[in-house]
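Let's take a walk through this structure together. Have the sequence and the 3D view open, and follow along as we go.

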Amino acid sequence: MFVSFFPRPKLFFLSAIAWTALAMAFWYGYADDLIGSSAPGVVGVALFWSARSLWFDLYFALSVAIFAGAWMIFSPHPWSPWSIIGSALILFTSYFQVQVSVAINSWYGPFYDLVQAALSKSKPVTIEQFYSELSTFAGIALVAVVVGVMTRFFVSHYIFRWRTAMNDFYIVNWPRLRTIEGASQRVQEDTMRFATTMEGLGVNLISSVLTLLAFLPVLLRLSSNITELPLIGSIPYPLVFAAVIWSLVGTGALALIGIRLPGIEFFNQRVEAAYRKELVLGEDDAARADPPTLDVLFGNIRRNYFRLYLNFMYFNVGRIVYLQTDVIFPYILLGPTIVAGRITLGSMNQILNAFTQVRTSFQYLVNSWSTIVELISIYQRLRGFEARIHDEPLPSIETETEPASL
């Protein structure tokens, strides 16, 4: 799965983490101070081509060039341009999209303060000022759309290259793999699903981490007027504390409820593969795919899907209750402050958005659990392939039988 696309995966990923940490430490400790901060009060697309933003873009490109060049010399790999430079480009676009969110959050303050002034008639507001604020948002949104479309186009090619690398690797070893249950499905379908799912989860994880790094300081700055939480009272950094605890509670509860789902999804793929294989054999051999055999095989599919539906029902009850409560959770926290009138409408929207960004970053597992279940199932199936290639014992789940009842 990884050897086919990345050079020496374990060492590569460890070195990537170490290099990232070193580059970030050098940036915040020295390089960031070489260029002054963005002009205070700047709102809109001008933030993206400020001196500091362009300096960071150059610094990022130089860091990637050094890392990629070192790996291409140390451990040449046919897919290095895509696996190293392509991954770095996806990382950068994830960072850029987080900056778009920061720019929009900065726009919330003056826009909603303008709306509040207009509605309360506390100061004159012209239609030109109103539409000027909307045009500022349109500029940010236009940049976001262009970057988002180009990113998705590139990522589609990135995924197919990863699938191609896995496909080529497994086809070379096909004589040893063909006897594994559902071998054709694992090569044809699971490789694409693994690359697609892994890319999606990876991008979301990176985006969550970058969003957390970008919005935690924003939330700390904006929540200076929030000194206490309902029922808890006065504590340091109350909104950050609440976001962390609330997210950990949701993640832990849903992980516990959905603990059986990966295994059931694995069995689902097994029974589907057995049914499909019998149908394919029946196309060329009249003795195969007879109705009694197909009834048994389809019965296995039905029983396993019903088991999956039941477990997802438990999971979805917990997930939906948590996410619906999550909608009003920040308003509960801000209730005393709003009632006391200690913040403006613009400040409230900035706080709510920053709090939501931070909270959502901490809720990465909550929002991705269904996809993680699917990825674990695909990984287990492809891991069986690689065990055969390396003459290792098959994973235990390969020899397990699915339960006969719900």
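How many aromatic pairs does a search of the whole structure find? The model is a predicted one, and the search turns up 42 aromatic pairs in it. Let's pick one and look at it. A pair of aromatic rings is described by the distance of the centres and the angle of the planes. For Phe6 and Trp162, the centres are 5.5 Å apart and the planes sit at 85° to each other, making the pair edge-to-face. What's fun here is where the two partners come from: Phe6 belongs to the segment before α1, while Trp162 is part of helix α4. They are 156 residues apart, so this pair links distant parts of the chain.

Now stay with α4, which covers residues 127-172, and find its packing partner α3, residues 80-120. The axes of these two helices are 10 Å apart, and the angle between them is about 165°. That angle makes α3 roughly antiparallel to α4, because anything over 145 degrees counts that way. The crossing of α3 past α4 is left-handed. And who's in the contact? Sorted by class, there are 22 nonpolar residues, ten polar ones and two charged ones.

Next, follow α3 on its own. Its 41 residues stretch 59 Å from the first C-alpha to the last, close to the 60 Å expected at 1.5 Å a residue. Look along α3 for a bend: at Tyr108 there is a kink of about 25°, shortly before the proline Pro110. Finally, step just past the end of α3 and you'll meet Lys121, which takes a positive phi of about 60°.

Note on methods
Residues are numbered from 1 along each chain as its sequence is written. This is a predicted model: local features need pLDDT of at least 70, side-chain atom pairs count only at pLDDT 80 or more; totals for chains, interfaces and linings use all residues. Side-chain values use heavy atoms; hydrogens and water are left out. Axes are lines fitted to C-alpha atoms, for helices over the stretch in contact, and angles run from 0 to 180 degrees between N-to-C directions. Helices (H or I, at least four residues) and strands (E, at least two) are DSSP runs, numbered from the N terminus. Angles under 35 degrees count as roughly parallel, over 145 as roughly antiparallel, 65 to 115 as roughly perpendicular and the rest as oblique. A crossing is left-handed if the near helix is turned anticlockwise from the far one by less than a right angle, and right-handed if clockwise. Ala, Val, Leu, Ile, Met, Phe, Trp, Tyr, Cys and Pro count as nonpolar, Asp, Glu, Lys and Arg as charged, and the others, Gly among them, as polar. The expected span of a helix is 1.5 Å times one less than its number of residues. The bend at a residue is the angle between axes fitted to the seven residues ending there and the seven starting there. Rings of Phe, Tyr and Trp (its six-membered ring) pair if their centres lie within 6.5 Å; planes under 30 degrees apart count as stacked, over 60 as edge-to-face and the rest as tilted.
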